[in-house]
Amino acid sequence: MFSSTHEGERPPIRQWLARAGVHGAERSLARQSVLVGVVCLVIDVVSFLARGPAPGPWNVVLLAGIVVADAALVSSPKFSGWVAVGHALLVPALALVLPGRSASTAGQLVGAYRAGAWLRGLPASAALVALCGGVLCSLLVSGLTAPASLVTLVSANALLPWLVGRYTTARKAHVDELRHQREAALRDARAEVAAAVVKERETIAIDLHDVISHHVSAIGVHATAARLNLAAVPVADGGSVRTSLTAVETSSQAAMVDLRRLLSLLHEGDDSPEQPGAAMLPDLFEGVRSSGLQVTYVVYNTPHPLPRAVDTTLYRVAQEMMTNALRHGDGKAARVELDYGGDHVGLTTRNRIAASGDSPGLGVGLEGMRTRADALGGAASFGTVGDGHYWESSVTMPLGSGS
């Protein structure tokens with residue numbers, strides 16, 4: 001009746017609960033089948049005795065047949081075909097002994113239902129033929145010969161309960177299929193949520209890299225300058241040291257401000273009012289100039305408001321570009337160009353590569369810039385220019401994205 005399910009990968013408690021659930025369902029169905037069998041037995045026996053049969057050996061045999069046939073309704077569903085055949089033989093026998101009785105019994109109706117519900121293919125068809133034949137014989141024995149009445153009564157007492165059993169099983173299969181589809185949809189939804197979480201974590205990682213690495217790089221440059229200044233100047237002259245240390249403090253404070261902006265973005269999403277944009281680029285470049293890198297900032301065309309996502313991305317990309325210029329450039333100069341096109345905005349940075357030839361390569365920072373541009377439908381390009389002496393980074397984004 002029930003197919004076992006492999007539970008080898010389930011925890012012991014869940015495995016026990018699953019088994020308990022299956023066993024509980026089995027016991028409940030067994031109790032219900034016993035109840036159905038008992039009710040059919042009572043109805044058929046009372047109906048048989050109510051006819052007032054004359055004493056005789058056939059009455060005892062038929063009564064025993066009713067008891068056996070109705071008791072068989074409690075048996076396993078795999079015996080449904082034999083149970084149906086038994087009831088199909090019992091019905092005409094009752095018509096022979098008790099003329100004028102009905103064309104069916106309660107047990108025969110339930111047996112027809114069981115055959116339709118549990119059997120498939122040839123066994124199901126054979127059971128239906130046997131049931132229809134038994135009812136038809138009982139009607140003919142009772143003296144009914146009208147074709148319309150025969151068809152109606154055979155259909156009502158054999159075909160209809162068989163079809164109801166068939167329908168019930170088909171409906172259960174349909175409900176099971178809907179449940180499986182819903183479970184599959186839930187699994188797909190959970191997978192999509194998991195993928196979205198992973199993507200969001202990657203975005204946050206890129207943000208943290210852009211923010212922290214930029215300011216920490218500046219802090220490192222200033223710390224080195226402070227150490228060199230201490231060794232190169234008299235102890236009494238601490239002006240340049242103080243300047244470097246002030247720049248370290250400024251960069252640290254800027255890092256904290258950006259971290260607060262990131263937290264605001266995580267809490268409030270795109271509605272966060274504290275996100276940086278293109279209007280703050282002069283302040284960013286002024287902080288970089290304090291480290292000794294002379295930044296030339298040029299704006300082409302008339303500036304105009306940008307979509308929030310594009311505006312914030314421009315600032316983050318500019319941060320990473322300045323970080324790369326500090327890390328891998330010669331530390332002297334960099335040129336930044338912001339181009340407000342008609343349907344796009346572009347940001348380009350160019351600086352001379354350090355004498356050691358150490359270029360940014362394709363690390364996390366450049367990949368982060370490309371990911372930011374791709375997310376808004378834009379593009380990013382990186383590489384050496386000017387016979388390999390300069391490094392150029394360029395990001396272009398359409399103005400229709402992120403609005």
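Guide: One term before we start: a residue is buried under 20% relative accessible area, exposed over 50%, and partly exposed in between (1.4 Å probe, protein chains only). Also, keep in mind that this is a predicted model.

Visitor: Let's try that out on S76, then. Is it buried, exposed or partly exposed?
Guide: S76 is found in the loop between α2 (57-71) and α3. Its relative accessibility is 26%. Buried needs under 20% and exposed needs over 50%, so S76 counts as partly exposed.

Visitor: How far is the C-alpha atom of S76 from that of A30?
Guide: Along the chain, S76 and A30 are 46 residues apart. In space, their C-alpha atoms are separated by 9.5 Å.

Visitor: And G37, is that one buried or exposed?
Guide: G37 lies in helix α1 (residues 12-50). The relative accessible area of G37 is 5%. The cut-off for the inside class is under 20%, so G37 is buried.

Visitor: Which residues does G37 contact, leaving aside its neighbours within four places in sequence?
Guide: A106 is 69 residues from G37 in sequence and 9.5 Å from it in space, C-alpha to C-alpha. Contact, though, asks for heavy atoms within 4.5 Å. With the neighbours within four places set aside, the contacts of G37 are D70, L73 and V74.

Visitor: Let's zoom out. How many helices and strands does the protein have, and what share of its residues is buried?
Guide: By element, there are 10 helices and 5 strands. The protein has 403 residues, and the buried share of them is 36%.

Visitor: Among contacts between residues at least 6 apart in sequence, what share joins residues at least 24 apart?
Guide: Take the contacts in the protein whose residues sit at least 6 apart in sequence. The share of those that joins residues at least 24 apart is 71%.

Visitor: How do α3 and α5 run, roughly parallel or roughly antiparallel?
Guide: The axes of α3 (residues 80-97) and α5 (residues 121-141) come within 8 Å and cross at roughly 5°. Angles under 35 degrees fall in one class and those over 145 in the opposite one. That makes the run of α3 relative to α5 roughly parallel.

Visitor: How many nonpolar, polar and charged residues are there in the contact of α3 with α5?
Guide: On the α3 side, the contact includes A84, V85, A88 and P92. On the α5 side, residues including A127, L131, C137 and V141 take part. The split is 12 nonpolar, 3 polar and no charged.

Visitor: On to the sheet. Which strands stand at its edges?
Guide: The sheet is open, with 5 strands in the order β1-β2-β3-β5-β4 and mixed pairing. Neighbouring strands are turned by 10° against each other on average, direction ignored. Two strands have a single partner each, so one side of each is left without a neighbour in the sheet: β1 and β4.

Visitor: How many bridges join β2 to β3, and how many join β3 to β5?
Guide: Strand β2 (residues 329-340) pairs with β3 in the antiparallel sense, with G329 opposite I353. Strands β3 (residues 344-353) and β5 also run antiparallel, and T349 has S393 as its bridge partner in β5. The count for β2 with β3 is 8 bridges, and for β3 with β5 it is 9 bridges.

Visitor: Which strands does helix α9 lie across?
Guide: Helix α9 covers residues 308-328 and runs at about 5° to β3. The strands it lies across are β1, β2, β3 and β5.

Visitor: Which residue's side chain makes a polar contact with the side chain of S394?
Guide: S394 lies in strand β5 (residues 390-398), and its 14% relative accessibility is why it counts as buried. S381 stands opposite S394, and the residues S394 touches include M321, L347 and A379. At 3.2 Å, the side-chain polar partner is T348.

Visitor: Which residue in the hairpin of β4 and β5 takes a positive phi?
Guide: Strands β4 (residues 379-385) and β5 pair in the antiparallel sense over 7 bridges. The hairpin has 4 residues between the strands. The residue with a positive phi near 60° is G386.

Visitor: What is the phi of N301 near?
Guide: N301 lies in the loop between β1 and α9. Most residues other than glycine have a negative phi. N301 isn't a glycine, yet its phi is positive, near 70°.

Note on methods: Residues numbered from 1 in each chain as written. Predicted model: local features only at pLDDT ≥ 70, side-chain atom pairs only at ≥ 80, totals over all residues. Heavy atoms only, no water. Axes fitted to C-alpha atoms, helices over the stretch in contact; angles between N-to-C directions. Parallel < 35°, antiparallel > 145°, perpendicular 65-115°, else oblique. Nonpolar A, V, L, I, M, F, W, Y, C, P; charged D, E, K, R; others polar. Polar contact = N/O pair within 3.5 Å; in protein donor to acceptor, adjacent residues only side chain to side chain. Pairing = 2+ DSSP bridges.
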